[in-house]
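Grab a coffee and work through these short exercises with the structure open beside you. Each one sets a task and then walks through a solution.

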Amino acid sequence: MFIDRAKIYIKAGDGGDGCTSFYTEKYVPNGGPDGGDGGDGGSVVFKVNANAASLSEFRFGKHYRAENGSNGAGKNRHGKNGADLVLNVPRGTVVRDAESGGIIADMFYPDDEITVLKGGIGGKGNARFKSSRRQAPGFSQKGEPTKERAVVLELKTIADVGLAGLPNAGKSTLLSVLTGANPKIANYPFTTLTPNLGVCYTDGYSFTIADIPGLIEGAADGAGLGHKFLRHIDRTRMIIHVVDIATYGDAAADYETVNAELFKYNPELKNVPQIIALNKTDIADVDAVKDFRTRVDGEIYEISGVTHAGLDTLITAVARKLMSLPPLSPIEYEPFVYEEADPDSYCIERGSDGVFVLSGALIEKLARTVVLDDRESYMYFQRRLDMSGVTKSLKKAGIRSGDTVRILDTEFTYEE
């Protein structure tokens, strides 16, 4: 099944915990701390897969998590870093933050690869906290946790030429004749349910053509099937507007209807060159062709997808125009980046119960180091609060000896 939009949840790996350990060996008293660091968590990476043409891989899987870092161990053994999670997506996939809609990445080039979420940093083992004043630290640091994020993947087909037109105008037939592609073809509306892609070769030059499902009036507002796939025409360098001159009653009006939907969806498409292909001229009324040419101003080619009449002339015109146009390029956007909190930031609030609540990146980092039932760990924590200016800020906030301080889920009594 063709899937061109998917919402998924991604999470980088948590950092592994540092180890609290002391070297022990026969005849070696006071071996000292030898707890190793935890490993870093794996990152979430998006990478282009040139062989993929759909986001169907993400149809059922919703949650994707990189591997956590392993915990440290004694004898200064560091934990193993978590493996990165590599998510392969088709070329042309746009990765957006689900909450803000901001574009994180446009996977445009065949070798594009981007790290969207970085893994958590592993915690330090107790060997890292040894100092001249603290010879045997009985505490270590927990690994850095990471947050799960929701992202939306949107596939925008990358093609030189887009075939636009009403349902059953003959776009799929034209694609199959020009490129050898094998789209589903039948004589009823909405035959094409997915964008199809093919490559056309002519006189040593080649270009890609995308068949966009037929548009009807109101498509830009969600009517019919075409609205689901309008995004696939965003990246085309030019448009072949296929008009059925033999079946419909007013071909010129149909032409205007399709253009109106295209431009309503994206006004920038007015700047994309168009060539008009009057299809089914082998069974068309001559007066209908004349009427269309009288009412529509544009570069018009009379063709037949069935008899192949006029196709050589059309291909030559398309190739000539493409050679004069600039190459395709990625979307211009301001990259959305998940903010990393200032490691020295903290906040002090007074709860309704009178408790002083500490929060922020600095507090969370320190809390990962604290073992409140270990005196050395607690004293280390107090010194870090003093050095970081938190204690001074608490005093300005009115704290007194005996007041309660809450950090995450832990409470302790403040003492001067």
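**Exercise 1. Decide whether Lys 75 is buried, partly exposed or exposed, and look at its backbone.**

Solution. Start with the surface: Lys 75 has a relative accessibility of 61%. The cut-off for exposed is over 50%, so Lys 75 counts as exposed. Next, place it on the chain: Lys 75 is in the loop between β3 (63-65) and β4. Keep in mind that this is a predicted model. Now the backbone: phi of Lys 75 is near 60°, a positive value in a residue other than glycine. That's worth a second look because most residues other than glycine have a negative phi.

**Exercise 2. Do the job again for Asn 76: find its loop, its phi and its exposure.**

Solution. Asn 76 also sits in the loop between β3 and β4. Its phi is near 55°, again a positive value in a residue other than glycine. For the surface, Asn 76 comes out at 45% relative accessibility, so it counts as partly exposed.

**Exercise 3. Work out the strand order of the open sheet that contains β2, and say which strands are at its edges.**

Solution. The sheet has 3 strands in the order β4-β2-β7, and the pairing is mixed. The edge strands are β4 (85-89) and β7 (113-117), each pairing on one side only. From one strand to the next, the twist averages 30°. Now zoom in on one pairing: β2 (residues 44-48) and β4 run parallel, joined by 5 bridges. To find your way in, go to Val 45, whose bridge partner in β4 is Val 86.

**Exercise 4. Find the residues with the most contacts inside the largest nonpolar core, then explore the surroundings of Leu 87.**

Solution. The largest nonpolar core has 25 residues. Those with the most contacts inside it are Ile 8, Ile 10, Phe 46, Phe 58, Leu 87, Val 151 and Leu 153. Which elements supply it with two or more residues? They are β1 (5-11), β2, β4, β6 (103-107), β7 and β8 (148-155). A second, separate core has 24 residues, including Leu 178, Met 238, Ala 317 and Val 318.

Back to Leu 87. Leave aside its neighbours within four places in sequence, and its contacts include Ile 8, Ile 10 and Phe 58. Tyr 64 is on the list too, as are Val 44, Val 45, Phe 46 and Lys 47.

**Exercise 5. Count the aromatic pairs and classify two of them by geometry.**

Solution. A search of the whole structure turns up 6 aromatic pairs. In one of them, Phe 58 and Tyr 64 have ring centres 5.6 Å apart and planes at 65°, so the pair is edge-to-face. Phe 58 is buried, at 1% relative accessible area, and Tyr 64 is buried as well, at 13%.

Then take Phe 129 and Phe 139: their ring centres are 5.0 Å apart and the planes are at 45°, so this pair is tilted. Both residues lie in the loop between β7 and β8, so the pair ties together parts that are 10 residues apart in sequence. Phe 129 and Phe 139 are both buried.

**Exercise 6. Describe the hairpin made by β15 and β16.**

Solution. First, the pairing: β15 (residues 347-350) and β16 (residues 356-359) are antiparallel, with 4 bridges. Arg 350 stands opposite Phe 356 in β16. Then the turn: 5 residues lie between the two strands, and Gly 354 there has a positive phi of about 85°.

**Exercise 7. Check for disulfides and compare the exposure of Cys 19 and Cys 347.**

Solution. The structure holds 0 disulfides. Cys 19 is buried at 14% relative accessible area, whereas Cys 347, at 31%, counts as partly exposed.

**Exercise 8. Locate Asp 409 and say whether it is buried or exposed.**

Solution. Asp 409 is in the loop between β17 (404-407) and β18 (410-413). Its relative accessibility is 81%, so it counts as exposed. Along the chain, Ala 367 is 42 residues away, and the two C-alpha atoms are separated by 10.0 Å.

Key: Residues are numbered from 1 along each chain as its sequence is written. This is a predicted model: local features need pLDDT of at least 70, side-chain atom pairs count only at pLDDT 80 or more; totals for chains, interfaces and linings use all residues. Side-chain values use heavy atoms; hydrogens and water are left out. Two strands pair if DSSP finds at least two bridges between them. Axes are lines fitted to C-alpha atoms, for helices over the stretch in contact, and angles run from 0 to 180 degrees between N-to-C directions. A nonpolar core is a set of buried Ala, Val, Leu, Ile, Met, Phe, Trp, Tyr and Cys residues joined through side-chain atoms within 4.5 Å. Buried means under 20% relative accessible area, exposed over 50%, partly exposed in between (1.4 Å probe, protein chains only). Contact means heavy atoms within 4.5 Å. A disulfide is a pair of cysteine sulfur atoms within 2.5 Å. Rings of Phe, Tyr and Trp (its six-membered ring) pair if their centres lie within 6.5 Å; planes under 30 degrees apart count as stacked, over 60 as edge-to-face and the rest as tilted.
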